[in-house]
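Visitor: Please show me the model, and then explain the terms used to describe it.

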Amino acid sequence: MFEKGLVFRDKTLVNYCPSCKVVLSNEDSQGGKCDVCHSDIVQKTKEVWYLRITEYADKLLEGLEEVDYLPNVKLQQQNWIGKSTGAFVNFTVKENGEILRIYTTRPDTLYGVTFMVIAPEHPIIEKYRDSIANISELDEYKAECAKKSEFERTQLVKDKTGVKIDGLTAVNPVTGKEIPIYISDYVMMGYGTGAIMAVPAHDTRDYEFAKKFGIDIIEVIKGGDISKEAYTGDGEMVNSGELNGITNKKDAIAKMLGVLEKLGCGEKGVQYKMKDWAFNRQRYWGEPIPIVHCPHCGIVPVPYDELPLKLPPVEHFEPGTDGESPLARIDSFVNCKCPKCGADAKRETDTMPQWAGSSWYFLRYCDPHNDKEFASKEALEYWMPVDWYNGGMEHVTRHMIYSRFWHKFLYDEGLVNTPEPYAKRTAQGLVLGPDGEKMSKSRGNVVDPIDVIEQYGADVLRVYVMFMGDYEQAAPWSENSMKGCKRFLDRLWGLQDILTEGESYSDALRSKVHKTIKKVTNDIESMKFNTAIAAMMTLINDIYALGAVNKAELKDLLLILSPFAPHITSEMFQSIYGGYLNEQKWPSYDEKLCKDDTVEIAVQVNGKLKAKLTIPTDMPQEEVLAMAKADENVAKACEGKTVVKEIYVKGRLVNLAVK
Amino acid sequence: MKRYDFAAIESKWQEYWEKNKVFEAESDRSKPKFYALVEFPYPSGHGMHVGHIKAYSSLDVISRKRRMEGYNVMFPIGFDAYGLPTENTAIKTGVPAEKIGIFF
């Protein structure tokens, strides 16, 4: 990655966790909290390593087209990457000719730009501090901002604050009008260009800001009442020169892009919300970053034949208090020769974050004993991609996005055979405490699986956890429901008392067994474990109602239940049939025998439910309609009226429209 | 019929499966393959609860079905021993990071 220009070092404002004493990436600090310890993060200026994940933003988006992820997983990744198209526009500073470059998704509203906002840390302030009359006021504001986290600055709903720069004025490139420049905390250097254009008539945040500071508000899109609030909808362009009269946003943007290009002060552009990946920890426990700092050659990678660079053994691995890695205290590790010129040099002492290992661990499993390469081409070709990856939603905009990036890089280098690491991604819903709240130690509602296994056994725990509701939904723990699952397995065990000989299904159960096999087979694939188990419970009820089960029927019931309750089914299989259940094949079913003989349909008159009928599944339409109209309630509803339309949705409902 | 003694029966089968490597992925590449994966727990066991059982049981159910359908299944499990979560446990307990997961 270093050789391909995907690794760089930059001194910027970074997210820092004062408790873990490490720099965190944006993915690590979502919601302004440290992902690991949940402390509030602060901003700190530091020189850190980055991986250029933004280079792969488009590939990460495009790749989502070819994988089978839950819709919500895709959406979260798309939102995190946050691709937008718009324009870069150059505003000139009147006093010194400097260019303030901004990015906007709404170049169509340029005629409505009445002020600009730049980040308090913007370098133009430092550069021209002598010509800024209120520089001390700006300095004070900047110092206040430094105390706030990025989250506080950009996300929290609060009063708009800011300071007008007295001594710098911008020029709107399309109107030629002079407009004031403000600093405000919600504009960050690390996001976009550190400067924005403001269109108060059509942006809520800009509107509040303009109202507070008494700035002009110019309407450029008709449709609202800008004396009351910003109008953010679409409409006809006004007060916009050559754009006047255009009524749709797309055309207005296209026209403005042409204007900008003609004026030479802007062009079409693409931006991503996702930023490059801050890739380092000031910690001991991580892969050392294989880089040497040479006073003559600069940043030099450790040669391939010295890789992997291993962690030195240490006694004290506590992090330093100054944001420096504990490795920096180990002279024998730090001091080395430059691989290029041989001069005395120092090793990089930051280590890789935990996301490094998890970005490729699944590749190594394909060929874990290979001492030549991370996995042979043959092993990768056979095993990859991961067919089904299941996990928590919290990983979607962290581990999932990082590992897809690494994988795509490896693919571009020809080192893996698939462009995507995971063919399918699903996620489970939370298991809540018995009180319906999220399990946590402080609430005292954590259920320990070991306790459950000791009291009820692993099979009961497995069956219950799979039975407790829609797999993707959160569900509260219920001791009663778990006891129901225990009863289910006890009743399965009890079937041995009513077991009869038989090499094929009995007439009484044939259709039921086929249907149950079909349901379990399909439901497992769509993760509807709860309904699969319910179907097997129903079958056992049917068997008890009948009073007997034969060996052929029980055998297939054991087989389809075995993935859920492998112990009890293996034991029963061995004692009844001999041999091992795990060597058996998954049973098949006959589609013809799975059809329901009868089906219940609803009968509506003018959309209102009037009757429910049980009919043979294959009853022809004319007969169904005749039967529906013959029903007492339906006949009453139709009395004295004319049936104008008759609809039959096969196996579901009849609707009669009457006048 | 004797009572269902789950404790004895469950440990009997766990021993059998482990001893006979019933769930080991095979090197036979003529079979269709199925690679299932879950996010591993931390070696400290920190935060381990029944939610993990839900996350892992689902793919275990699917993997067992796939084996019966003739697939060569790889469904690894292990510890996520990387980085901060493990190191924070190490600092808290004084146990070296590389040994966490052995003692916990």
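Guide: In β26(A), Asn655(A) is the bridge partner of Ile647(A). This is a predicted model, in which local features need pLDDT of at least 70 and side-chain atom pairs count only at pLDDT 80 or more, while totals for chains, interfaces and linings use all residues. Residues are numbered from 1 along each chain as its sequence is written, with chains lettered from A and ligands numbered from 1 in the order in which they are written.

Visitor: How do you know that β25(A) and β26(A) pair?
Guide: Strands pair if DSSP finds at least two bridges between them. Six bridges join β25(A) to β26 (residues 653–658) of chain A, and the two run antiparallel; they therefore count as paired. The element names refer to DSSP runs numbered from the N terminus: helices are H or I with at least four residues, strands E with at least two.

Visitor: What makes β24 and β25 of chain A edge strands?
Guide: Their sheet is open, with four strands in the order β24-β23-β26-β25 (chain A) and mixed pairing. β24 (608–616) and β25 (643–649) of chain A each have a single partner strand, so one side of each lacks a neighbour in the sheet. Neighbouring strands here are turned by 20° against each other on average, direction ignored.

Visitor: Which strands pair with β5(A), and how do you know?
Guide: β5 (residues 83–93) of chain A has seven antiparallel bridges to β11 (residues 266–272) of chain A, with Phe88(A) partnered by Glu267(A). Six more bridges join β5(A) to the antiparallel β6 (residues 99–104) of chain A, where Val89(A) is partnered by Ile102(A). β5(A) and β6(A) form a hairpin with five residues between them, and Gly97(A) in the turn has a positive phi of about 75°. With β8 (residues 163–171) of chain A there are two antiparallel bridges, among them the pair Val93(A) and Ala170(A). Two bridges meet the threshold, so this last case counts as a pair.

Visitor: Why is the packing of α13(A) against α14(A) called oblique?
Guide: The angle is about 120°, with the axes 9 Å apart. The axes are lines fitted to C-alpha atoms over the stretch in contact, and angles run from 0 to 180 degrees between N-to-C directions. Under 35 degrees is roughly parallel, over 145 roughly antiparallel, 65 to 115 roughly perpendicular and the rest oblique. The value falls in none of the named ranges, which makes α13(A) oblique to α14(A).

Visitor: What residues of α13(A) are in the contact with α14(A)?
Guide: α13(A) supplies Asp459(A), Val460(A), Val463(A), Tyr464(A) and Phe467(A). Contact requires C-beta atoms, placed from the backbone, to lie within 7 Å.

Visitor: How many residues does each chain give to the contact between chains A and B?
Guide: Chain A gives 63 residues and chain B 44. α13(A) provides the largest share of the chain A side, six residues. That side divides into 35 nonpolar, 17 polar and 11 charged residues. Here Ala, Val, Leu, Ile, Met, Phe, Trp, Tyr, Cys and Pro are nonpolar, Asp, Glu, Lys and Arg charged, and the others, Gly among them, polar.

Visitor: How do you know that β17(A) and β1(B) pair?
Guide: Three bridges link β17(A) to β1 (residues 33–38) of chain B in the parallel sense, and Asn390(A) stands opposite Val38(B). Three satisfies the rule, so the strands pair.

Visitor: Where in chain B is confidence highest?
Guide: It is highest in β1(B), at 98, and lowest in α3 (residues 83–93) of chain B, at a mean of 69. The scale is pLDDT, the predictor's confidence in each residue, from 0 to 100. Chain B averages 85, and 78% of its residues score at least 70. The model scores ipTM 0.90 and pTM 0.81.

Key:
Two residues are in contact if their C-beta atoms, placed from the backbone, lie within 7 Å.
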